[in-house]
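I am opening a fresh page for a chain that I have not looked at before. I will go from the whole chain down to single pairs of residues.

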Amino acid sequence: MEISELSVPDAWVFTPRQHSDSRGTFLEWFRSDALAEAVGHPLALSQANHSVSRSGTLRGVHYAQVPPGQAKYVTCMRGQVLDCVVDIRTGSPTFGAFDAVLLDDVDRRGLYVAEGLGHAFMALTDDAAISYLCSAPYTPGREHGVHPLDPDLDLPWPAEITPLLSEKDAAAPTLREAEAAGLLPSYAECQEFYALLRSGHALGAASASAGTGAGASSAGATAGAGAGGAR
């Protein structure tokens with residue numbers, strides 16, 4: 001695999017080597033050892049999601065409270081999507097910045113999005129099929145969203161495609177509104193959690209935080225776009 005970190009820190013692109021012959025193609029679309037070497041810790045698989053979207057479907061910008069948050073490893077099984085990673089971590093040197101990656105069934109790249117980062121994608125073809133591995137299960141009270149058409153973010157969705165949003169995503173706050181409401185994860189707490197993951201001691205801390213933070217997150221859940229992966 002070829003591995004490169006995006007301009008948004010803590011997100012990586014994995015491009016697999018493909019082996020084709022008269023029968024078809026074989027590739028390794030996920031390698032736990034390659035991811036662990038790049039990220040510094042393995043991906044703890046807790047949930048696997050799959051979505052199929054018509055052209056123009058725009059899912060995101062989704063994220064979960066940290067800890068434990070929800071890291072994702074995303075790949076496009078069929079068709080083509082434009083995937084955006086947004087740094088929504090308050091206090092981050094790249095707060096508000098994004099990077100975009102084309103995921104398709106040609107290069108078959110995989111995209112790793114760390115806990116605390118925002119994630120969104122637009123389907124560029126009909127029946128675009130996305131599969132993603134998640135580090136934590138979907139927990140409605142801890143899931144939030146930022147509006148994917150926020151003009152301050154200015155994400156590079158193709159102008160010739162009319163975006164199709166869910167009701168929750170259409171009602172999501174802008175980045176500034178989410179920051180003012182205290183809904184965004186902080187860069188410091190994300191870095192602390194990444195360090196726990198690298199040390200192998202994150203599980204207990206994440207469980208304790210999830211228990212104490214559930215009540216505080218309920219108000220934000222109504223404003224955000226509830227999405228364990230990218231509903």
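The entries below record what I looked up, beginning with the chain as a whole.

**Entry 1: the whole chain.** I note at the outset that this is a predicted model. I counted the secondary structure and found six helices and 13 strands in the chain. I then looked up burial, and of the 231 residues in the chain, 49% are buried. For the surface I noted an accessible area of about 10200 Å², with 53% of that area belonging to carbon and sulfur atoms. I also looked at contacts between residues at least 6 apart in sequence, and 82% of these join residues at least 24 apart.

**Entry 2: an open sheet.** I followed one open sheet of five strands, whose order is β9-β8-β11-β6-β13 and whose pairing is antiparallel. At its edges I found β9, residues 98-104, and β13, residues 143-145, each of which pairs on one side only. On average, and with direction ignored, neighbouring strands of this sheet are turned by 25° against each other. I looked more carefully at β8, which covers residues 80-86 and pairs with β9 in the antiparallel sense over seven bridges. Within that pairing I noted that V81 stands opposite L103 in β9. As a general reminder to myself, side chains in a regular strand alternate between the two faces of the sheet.

**Entry 3: the hairpin of β1 and β2.** I turned next to β1 and β2, which pair in the antiparallel sense over four bridges. Here E2 has T15 in β2 as its bridge partner. The two strands form a hairpin with five residues between them, and in the turn I found D10 with a positive phi of about 75°.

**Entry 4: helix α1.** Which residues of helix α1 are buried? I looked along residues 32-39 and found A34, L35 and V39. Seen down the axis of α1, these buried residues fall within an arc of 115°, so they line one face of the helix. It helps to remember that an α-helix has 3.6 residues a turn, so residues three or four places apart point the same way. I then asked what the buried residues of α1 pack against, and the list holds the strands β1 (2-5), β2 (11-15), β7 (72-78) and β10 (110-113), together with the helix α4 (187-199). Just after α1, I noted that G40 takes a positive phi of about 105°.

**Entry 5: salt bridges.** How many salt bridges are there? The count comes to seven, and I looked up three of them. In general, side chains of opposite charge can pair when their charged atoms come close. The side chains of D21 and R23 meet in a salt bridge with an N to O distance of 2.6 Å; D21 is partly exposed at 40% relative accessibility, whereas R23 is exposed, with a relative accessible area of 76%. A salt bridge also joins the side chains of R31 and E28, at 2.9 Å from N to O. Of that pair, R31 is partly exposed with a relative accessible area of 32%, and E28 is partly exposed at 38%. My last pair was R89 and D87, which form a salt bridge with their closest N and O atoms 2.9 Å apart. Are these two residues buried or exposed? Both R89 and D87 are buried. Salt bridges that share partners join D10, D87 and R89 into one network, and here I met D10 again, the residue noted in the turn between β1 and β2.

Definitions and conventions
Residues numbered from 1 in each chain as written. Predicted model: local features only at pLDDT ≥ 70, side-chain atom pairs only at ≥ 80, totals over all residues. Heavy atoms only, no water. Salt bridge = Lys/Arg side-chain N within 4 Å of Asp/Glu carboxyl O. Buried < 20%, exposed > 50% of the residue type's maximum accessible area, 1.4 Å probe, protein only. Arc of directions from axis to C-beta. Contact = heavy atoms within 4.5 Å. Pairing = 2+ DSSP bridges. Areas by Shrake-Rupley, 256 points an atom, 1.4 Å probe, with all protein chains shown as cover. Axes fitted to C-alpha atoms, helices over the stretch in contact; angles between N-to-C directions.
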